[in-house]
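Biologist: I would like to go through the terms used for this protein. Please show me the model.

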Amino acid sequence: MARALGRAQAPTLLVGGSADRRWDRRIADSTGHEVLELPGADHGLELDGDPLGSVDVLRQVVERLDRFVGSLAAR
């Protein structure tokens, strides 16, 4: 997956949680794409035992996606 992302030509936003054991920030950064890492979030982008915090994580993702998609027109 990392190699394929590294070859991707289209603008890409990678989103992952630091508590997801499959997420590797170093690999994400090495692709050259934009990266959003959510501290404490798991693979489902949720915070264990913190439903309100999980809603805030979702808000962060939606805000970043909105900026990312908006930036595509300027490219």
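Modeller: A nonpolar core is a set of buried nonpolar residues joined through side-chain atoms within 4.5 Å, and buried means under 20% relative accessible area. This is a predicted model.

Biologist: What makes up the largest nonpolar core?

Modeller: Eight residues make up this core: Leu13, Leu36, Leu38, Ala41, Leu47, Val57, Val61 and Phe68. β2 (34-38) and α3 (51-72) each supply at least two of the core residues, and the largest share, three residues, comes from α3.

Biologist: How do you know what Leu38 touches?

Modeller: Contact means heavy atoms within 4.5 Å. Not counting residues up to four places away in sequence, Leu38 touches Val15, Gly16, Gly17, Ser18, Leu45, Val57, Gln60 and Val61.

Biologist: Why are α1 and α2 named in connection with the lining of the largest pocket?

Modeller: A lining residue has an atom within 4 Å of a pocket point. α1 (2-7) and α2 (25-30) each supply at least two such residues. The lining consists of Met1, Ala2, Leu5, Leu14, Arg22, Trp23, Asp24, Ile27, Ala28 and Thr31.

Biologist: What classes of residue are in that lining?

Modeller: Seven are nonpolar, one is polar and two are charged. Arg and Asp count as charged, so Arg22 and Asp24 belong to that class. The volume of the pocket is about 210 Å³.

Biologist: How much of the whole protein is buried?

Modeller: Of its 75 residues, 28% are buried; that is, they fall under the 20% cut-off.

Biologist: In what order do the elements run?

Modeller: From the N terminus on, the order is α-β-α-β-α, which comes to three helices and two strands.

Technical notes
Residues are numbered from 1 along each chain as its sequence is written. This is a predicted model: local features need pLDDT of at least 70, side-chain atom pairs count only at pLDDT 80 or more; totals for chains, interfaces and linings use all residues. Side-chain values use heavy atoms; hydrogens and water are left out. On a 1 Å grid over the protein atoms alone, a cavity is a set of points where a 1.4 Å probe fits but cannot get out, and a pocket is an open set with protein on both sides within 12 Å along at least five of seven lines; lining residues have an atom within 4 Å of a point. Grid points are joined across faces, edges and corners, and a volume is the space filled by probe spheres set on the points. Helices (H or I, at least four residues) and strands (E, at least two) are DSSP runs, numbered from the N terminus. Buried means under 20% relative accessible area, exposed over 50%, partly exposed in between (1.4 Å probe, protein chains only).
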